[in-house]
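Here is a short set of exercises to work through with the model open beside you. Try each task yourself before reading its solution.

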Amino acid sequence: MSERSIQEVIGPTGFFEKRGEIGIPLIHGLTGTPTEMRHFGRQLARKGFTVACPQLAGHCDSVAALKASTWQDWYRSVDDAFEALAAECKQVFVAGLSMGALLCLLLAAHKKERLAGMSLLSPTFFYDGWNIPKWRQRLLLPLIIYTPIRHFFAWEEPSPYGIKDERVRAKVSAVLENRDRRTADKIGHFKTPATVIRESKRLIRAAKQCLHGVRRPVLVVHSVEDDMASIRNAHFVTKRIGSNQVETFFVEDSYHVLTLDKQKDKIAARVAAFCAQTAAAT
């Protein structure tokens with residue numbers, strides 16, 4: 001498949017860097033954009049990996065476009081990116097952030113031996129981090145997402161926005177205060193429509209159902225200080241996944257968005273080492 005066709009697959013805000021014979025599609029999070037994966041991707045490319053980050057269907061656009069998308073649409077974006085890199089590279093891994101990590105699990109369940117392995121960054125099955133009120137999960141969300149109210153409600157993400165690094169967080173705050181006029185194609189949405197949250201719940205259910213059947217090597221990376229999804233999520237994966245090749249990397253001094261936070265370079269190096277070692281062993 002040509003580079004041009006890869007560009008078509010990743011969309012106008014996605015990115016692609018062709019380097020070595022090992023490819024890694026990078027999957028951003030729910031309501032996020034490829035921007036949150038760009039630095040991470042550059043670090044992997046510098047280590048000789050070919051990387052591609054697609055914009056997920058419905059993302060990097062209007063709120064209406066996001067609300068019109070389903071989790072199956074998001075998965076098709078991932079599947080297309082995988083097939084594009086599989087045509088370019090001898091081996092393909094995948095790495096995803098937050099909900100993007102769950103899409104990686106679905107990809108692994110579907111592609112089986114065609115996928116060399118995966119890195120799950122802040123996998124999110126439960127929104128139970130220290131910055132998420134318990135009443136939101138137990139009372140408010142069920143009331144909203146399973147009733148017609150969902151068509152009119154959006155959840156606004158509170159500070160620190162999954163980021164411990166104060167400099168990066170200040171840039172996010174500047175955007176939200178309209179001091180920076182970048183649009184959704186660069187920064188994503190910090191208000192998640194309840195209809196989109198409902199789709200994410202469906203994605204979570206599908207990912208849970210496929211966990212036991214995932215047999216590919218996996219690296220689970222999670223912060224012990226995650227503000228949105230506690231480390232319970234990492235343990236949930238490692239206890240239920242069908243793979244007999246499971247590695248964990250627990251980091252400190254970071255929150256949920258690991259690819260933008262203080263330990264981003266250390267995490268990129270760990271993912272690169274995992275992919276290189278796994279590839280060499282096959």
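The exercises below go from the whole chain to single residues.

**Before you start**

This is a predicted model, in which local features need pLDDT of at least 70, side-chain atom pairs count only at pLDDT 80 or more, and totals for chains, interfaces and linings use all residues. Residues are numbered from 1 along each chain as its sequence is written, and side-chain values use heavy atoms, with hydrogens and water left out.

**Exercise 1. Take stock of the chain and its confidence.**

Step 1: Count the elements. The protein chain has eleven helices and nine strands; helices (H or I, at least four residues) and strands (E, at least two) are DSSP runs, numbered from the N terminus.

Step 2: Check burial. Of the 282 residues, 57% count as buried, where buried means under 20% relative accessible area, exposed over 50% and partly exposed in between (1.4 Å probe, protein chains only).

Step 3: Check confidence. pLDDT is the predictor's confidence in each residue, from 0 to 100. The chain averages 89, and 86% of the residues score at least 70. Over residues 179–184, however, the pLDDT is below 50, although this stretch has eleven contacts in the model beyond near neighbours in sequence; contact means heavy atoms within 4.5 Å. Where pLDDT is low, the predicted coordinates should not be read in detail.

**Exercise 2. Find the largest nonpolar core and say which element gives it the largest share.**

Step 1: Apply the definition. A nonpolar core is a set of buried Ala, Val, Leu, Ile, Met, Phe, Trp, Tyr and Cys residues joined through side-chain atoms within 4.5 Å.

Step 2: Locate it. The largest core has 49 residues, and those with the most contacts inside it are Leu 103, Leu 105, Leu 120 and Phe 125. Elements that give two or more residues to this core include α5 (99–111), β5 (117–121) and α9 (194–210). The largest share, ten residues, comes from α5.

Step 3: Zoom in on one member. Leaving aside neighbours within four places in sequence, the contacts of Leu 105 include Met 118, Leu 120, Phe 125 and Ile 241.

**Exercise 3. Place strand β3 among its partners.**

Step 1: Use the pairing rule: two strands pair if DSSP finds at least two bridges between them.

Step 2: Look for partners. β1 and β3 run antiparallel, joined by three bridges, and Glu 17 has Val 51 as its bridge partner in β3. Strand β2 (residues 22–27) and β3 run parallel, also with three bridges; here Gly 23 stands opposite Thr 50.

Step 3: Inspect the faces. In a regular strand the side chains alternate between the two faces of the sheet. Both faces of β3 (residues 50–53) are covered, with Thr 50 and Ala 52 buried on one side and Val 51 and Cys 53 buried on the other.

**Exercise 4. Which residue makes a side-chain polar contact with Gln 55?**

Step 1: Set the cut-off. A polar contact is a pair of N or O atoms within 3.5 Å; within protein, one must be able to donate a hydrogen and the other to accept it, and residues adjacent in sequence count only if both atoms are side-chain atoms.

Step 2: Identify the partner. The side chain of Thr 13 makes this contact with the side chain of Gln 55, at 2.6 Å.

Step 3: Describe its setting. Thr 13 is in the loop between α1 and β1 (15–17), and is buried at a relative accessible area of 13%.
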